[in-house]
Amino acid sequence: MIPKTFKEVIDLGDGREISIETGKLAKQAHGSVVVQSGKCMLLCTVVSNYHAADVDFLPLTVDYREKFAAAGRYPGGFFKREARPSDGEVLTMRLVDRVLRPLFPKDYHAETQVMIQLMSHDDEVMPDAMAGLAASAAIQLSDFPFECAISEVRVGRVNGELIINPTRAQLKESDIDMVIGASADSVMMVEGEMDEISEEEMVEAIKFAHEAIKAQCAAQIKLAEAVGKKEVREYDPEAEDEELQKKVYDMAYDKVYAVAKAGSAKHERSEAFSSIKEEIKESFSEEELDEIGGLISKYYHKAEKEAVRKLTLEEGLRLDGRKTDEIRPIWCEIDYLPSVHGSSIFTRGETQALATVTLGTSRDANIIDMPSHEGEEKFYLHYNFPPFSTGEARPIRGTSRREVGHGNLAQRALKGMIPEDCPYTVRVVSEVLESNGSSSMATVCSGTMALMDAGVQLKKPVSGIAMGLISDADTGKYAVLSDILGDEDHLGDMDFKVTGTKDGITACQMDIKVKGLSYEILVKALMQAKDGRLHILEKLTDTIAEPNAEVKSYAPKIVTKIIPGEYIGAVIGSGGKVIQELQKETNTTIVINEDPDTEEGIVEILGTDQAGIDAVIAKIEAVMFKPEVGSVYEVKVIKILDFGAVVEYTEAPGNEILLHVSELAWERTENVTDVVNIGDVFDVKYFGFDPRTKKEKVSRRALLQKPEGYEERKPRRDNNRGNDRRRDNRNRGPRRD
């Protein structure tokens, strides 16, 4: 018997709907829902242990997976089983995690797992846009201590019209691709890419998304009430001691304030703060430290946070002595690495990124193989964040989610500026060498310069900046911080990263930690970010004003040639013999792809030596060479036979044809070598296919003057021989001669 189910439907306003259903699947989870739009179905389950883990943070895991069976496909590779998550899945996990995590109580430390699975795929629905809705709906059906319902939507804009959760086809035509996460009251997360839009247009898109999210939050609450809202579970909160908190505050606040006001460097400041903390701990006995050491550390950090925030709000000063809108000193350098195709260093204060560019063919494209999306990227960026960049020693266990997310943000910032006719596959790698505040924005800046150094003809240079916000709800004071430090990232109420050209925004990432942030403050922050971006952009263009006209001498040049589909096989050769020998002879890389629309061949020739590239082009043109009837061509003798000479067209080496002995000269030729020899070059006339021999015919004698008194040989007479053979007495048809 199928159990009773509960369902709520959300109208997207254009004929599309999203349904949220519970009661049928995964009933042992603490909360489970199936979210469906069209044929796309997501199953989300949530489970949280009833006992706290022995940690001082929330051990929350958000896991998003796309099952290949959902799209009727097999996993690629040797093992036919889904393995580690793809970058696309990791990016979706990050989008959901960033909205959910702040809504759990700070003292809730039970291990919590949110699992979202794509169970059925629809080509017209992008499932990642519904992952946040699914996660929040499942939590609303649980007994978790969770502040309020949230949701996430994607916003696109096609022909000036904003769209909620556009299809992938619509997204290709859109100049905005943003995912917004919010509760009914507050916007909490924004991430996306844009085609040089203004700050006002960005805020308009956020407002539009927020209205749709309000309806989705209401549907979740209604579903939970229909099922029966569970009482919030009890859990053991962290111990509190107001007297101890005041004591630590009194001991720490003034000293921390003084260190913060001194405007010192990162390591000097960290050592000073650590000394204050150790001094406070020394005032307690070992027995007290064993019992309340964790609380002392907690209260110290609260005092430190309050002192730093007050310094900024009341005096307009920051930890390193800067004013709120001041950018740290910047220096840049290009062409630093002698062997790479393009390189640059970008250093801003205590943050440094070294970027490299590698140029390749379409064979080097980044293949995307997900159940919800297949394709390839001809421009991609990888970001590496080694532990030494922050002065730490820790294990390296593969690419982290943070590295995937920061690299994706920088890639989205730059990719719109790669020209559509760029013949190369372009890979940018950013190595973060120092970090104290937004290495992802440093990556955008170093990536821009490295691309221009490599000779990639960027439409416009791109810069990026990380911003922060400190606000006081009681006094109404707030301060927008330009070019934030790592410490300011943790203690602020908002951190957001904005990238763009001189003409508009190309990408953004925001995490808003304060409720009810006004759009007026958001616009002011974005406008201050614009001033910072333009200041940084000026530093980049002072270093390299425009892309180099040519790629470096040791970098590969690429030439693309279109050939008719009928010649693809001839260029490749049997078993690839022709193309392989050609690559070896010319020291080039040759890639041939077929255009599915025109069925033409797209030949990419990559090499460092222009002579090798020219040789490949000449060979391809020779393969495609078609002489015209009646035209005259220069040929070269390459072989002598008893009945003629084999010649090749000099403009199409490799294209050979027989010059029959009878077409060498007007006079009778007994020996071919009496007239021509190997290596001789002369002109011939092309007559096309000879109907008698069924072979192509060229003639040398047709271009020679007929000798005086020359008489043509009379054609042989058949008399009645042919008539006699037309039929025999048995009425058989004519026989072949």
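User: Which residues line the largest cavity?

Analyst: In this predicted model, the lining consists of Leu12, Arg16, Ile18, Ser37, Glu124, Val125, Met126, Ala129, Met130, Asn165 and Pro166. The volume of this cavity is about 70 Å³.

User: What makes each of them a lining residue?

Analyst: The criterion is an atom within 4 Å of a cavity point. Leu12 and Pro166 are among the residues that line the largest cavity.

User: How do the residues of that lining divide into nonpolar, polar and charged?

Analyst: Seven are nonpolar, two polar and two charged. Arg and Glu count as charged, and the lining includes Arg16 and Glu124. Ser37 and Asn165 also belong to the lining; residue types outside the nonpolar and charged lists count as polar.

User: How many cavities of 30 Å³ or more does a search of the whole structure find?

Analyst: Two. The second largest has a volume of about 40 Å³. Glu21, Thr22, Gly23, Lys24, Leu25, Ser32, Val33, Val34 and Leu43 line the second largest cavity. Two elements give two or more residues to this lining: strand S2 (17–22) and strand S3 (31–37). S3 gives the most, with three residues.

User: What makes three residues of the second lining polar, with Gly23 in the list?

Analyst: Gly counts as polar in this scheme. The lining holds Thr22, Gly23 and Ser32, and the division is four nonpolar, three polar and two charged.

User: Why is Arg348 called buried?

Analyst: Buried means under 20% relative accessible area. Arg348 has 1%, so the term applies. Arg348 sits in strand S12 (residues 342–348).

User: What makes the pairing of Arg348 with Asp483 a polar contact?

Analyst: The cut-off is 3.5 Å between N or O atoms, one able to donate a hydrogen and the other to accept it. The side chains of Arg348 and Asp483 make this contact at 2.9 Å.

User: Which residues does Arg348 touch, not counting those up to four places away in sequence?

Analyst: Ile327, Arg328, Pro329, Ile330, Gly437, Ser438, Met441, Ala442 and Asp483.

User: Why is Val456 buried or exposed?

Analyst: Buried, because its relative accessible area is 3% and the limit is under 20%. Val456 lies in the loop between helix H9 (439–453) and strand S18 (463–471). Beyond its neighbours within four places, Val456 contacts Leu359, Ile418, Val426, Leu451 and Pro547.

User: How far apart are the C-alpha atoms of Val456 and Ala549?

Analyst: They are separated by 8.4 Å, with their positions 93 residues apart along the chain.

User: How do you know what span to expect for helix H1?

Analyst: The rule is 1.5 Å times one less than the number of residues. H1 (residues 87–100) has 14 residues, and its expected span is 20 Å. From first C-alpha to last it reaches 20 Å, close to that expectation.

User: What makes H1 mostly covered?

Analyst: Twelve of its 14 residues are buried. Among them are Glu89, Arg94, Asp97 and Arg98.

User: How many residues of helix H2 are buried?

Analyst: Ten of ten, in a helix that runs over residues 131–140. The buried residues include Ala131, Ser136 and Gln140.

User: What is the distance in space between Glu196 and Gly504?

Analyst: They are 3.8 Å apart, C-alpha to C-alpha, and 308 residues apart in sequence. Glu196 lies in strand S10 (residues 187–197). Neighbours within four places aside, Glu196 is in contact with Met417, Lys460, Thr501, Asp503, Gly504, Ile505 and Thr506.

Technical notes:
Residues are numbered from 1 along each chain as its sequence is written. This is a predicted model: local features need pLDDT of at least 70, side-chain atom pairs count only at pLDDT 80 or more; totals for chains, interfaces and linings use all residues. Side-chain values use heavy atoms; hydrogens and water are left out. Helices (H or I, at least four residues) and strands (E, at least two) are DSSP runs, numbered from the N terminus. Buried means under 20% relative accessible area, exposed over 50%, partly exposed in between (1.4 Å probe, protein chains only). Contact means heavy atoms within 4.5 Å. On a 1 Å grid over the protein atoms alone, a cavity is a set of points where a 1.4 Å probe fits but cannot get out, and a pocket is an open set with protein on both sides within 12 Å along at least five of seven lines; lining residues have an atom within 4 Å of a point. Grid points are joined across faces, edges and corners, and a volume is the space filled by probe spheres set on the points.
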